[in-house]
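Biologist: I am new to this structure and would be grateful for a close look at a single part of it. Please choose one residue, and then describe the elements around that residue.

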Amino acid sequence: MIRQAPVQHGRRLWEHARAEVEARPGLTWRSSTRWDLSAALWAIEVEGRRSAEVFERLFRDHGFVFRPFSTLGLETLRISPNVASTTGDLDRLVAALAAG
């Protein structure tokens, strides 16, 4: 049986992150836009930037750890929050992504 609290927390994070990304010019939400088809892994694109470069800068400057993907014409970042992640964590990540 799945405990509901972690699932609800994951959905709150997903909704918050998606709204923040979609509100920022230069960022594109590349994951499903439906919660029932989504998961705890999200894909975000920083338009015009190579994912490896974004990863290097955000890890060096902010300590963020995520997986850059550069394949089949995609330059996305795989974000995988967990039960310890907060909306504040996501706000800091999205702000750093939007800064270029």
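Modeller: Leu-90 is a suitable place to begin, for this residue is buried, with a relative accessible area of 6%. Buried here means under 20% relative accessible area, exposed means over 50%, and partly exposed lies in between, with a 1.4 Å probe and only protein chains considered. The areas themselves come from the Shrake-Rupley method with a 1.4 Å probe, and for residues only the protein chains shown count as cover.

Some conventions apply throughout. The model is predicted, with local features requiring pLDDT of at least 70 and side-chain atom pairs counted only at pLDDT 80 or more, while totals for chains, interfaces and linings use all residues. Residues are numbered from 1 along each chain as its sequence is written, and side-chain values use heavy atoms, leaving out hydrogens and water.

Leu-90 lies in helix α3. Helices (H or I, at least four residues) and strands (E, at least two) are DSSP runs, numbered from the N terminus. Apart from neighbours within four places in sequence, Leu-90 is in contact with Leu-13, His-16, Ala-17 and Trp-42; contact means heavy atoms within 4.5 Å. Phe-59, by comparison, is 31 residues from Leu-90 in sequence and 15 Å from it in space, C-alpha to C-alpha.

The helix that holds Leu-90 has a regular length. The twelve residues of α3 should span 16 Å at 1.5 Å a residue, and the end C-alpha atoms are indeed 16 Å apart, which agrees. The expected span is 1.5 Å times one less than the number of residues. Leu-90 shares its buried state with Leu-93, Val-94, Ala-96 and Leu-97 of α3. Seen down the axis of α3, the buried residues fall within an arc of 160 degrees, so they line one face of the helix. The arc is that of the directions from the helix axis to the C-beta atoms. In general, an α-helix has 3.6 residues a turn, so residues three or four places apart point the same way. The buried residues of α3 pack against α1 (4-22), β1 (27-29), β2, α2 and β4. After α3 comes Gly-100, with a positive phi near 105 degrees.

Trp-42, one of the contacts of Leu-90, leads to strand β2. Five of the five residues of β2 are buried, so this strand is largely enclosed by the rest of the structure. Both faces are covered: Trp-42, Ile-44 and Val-46 are buried on one side, and Ala-43 and Glu-45 on the other.

Strand β2 pairs in the antiparallel sense with β1 over three bridges and with β4 over four bridges, likewise antiparallel. Two strands pair if DSSP finds at least two bridges between them. Ile-44 of β2 stands opposite Trp-29 and has Leu-77 as its bridge partner in β4. Trp-42 has Ile-79 as its bridge partner in β4.

Strand β4 also pairs with β3, in the antiparallel sense over five bridges, and Phe-69 has Thr-76 as its bridge partner in β4. These two strands, β3 and β4, form a hairpin with two residues between them, and Leu-72 in the turn has a positive phi of about 50 degrees.

Helix α2 (residues 51-62) is among the elements against which α3 packs. This helix has twelve residues and reaches 16 Å from its first C-alpha to its last, close to the 16 Å expected at 1.5 Å a residue. The buried residues of α2 are Ser-51, Val-54, Arg-57 and Leu-58. Viewed down the axis of α2, they fall within an arc of 130 degrees, so they line one face of the helix. Their cover includes β2 (42-46), β3 (67-71), β4 (74-79) and α3 (87-98). Just after α2, Gly-63 takes a positive phi of about 80 degrees.

Finally, the setting as a whole. The protein has three helices and four strands, which run α-β-β-α-β-β-α from the N terminus on. Buried residues, Leu-90 being one, make up 31% of the 100 residues. Of the contacts with a separation of 6 or more, 54% are between residues 24 or more positions apart. A compact globule of 100 residues would have a radius of gyration near 13 Å, and the protein has 13 Å, which agrees. That radius is taken over C-alpha atoms, and the globule rule is 2.2 Å times the number of residues to the power 0.38.
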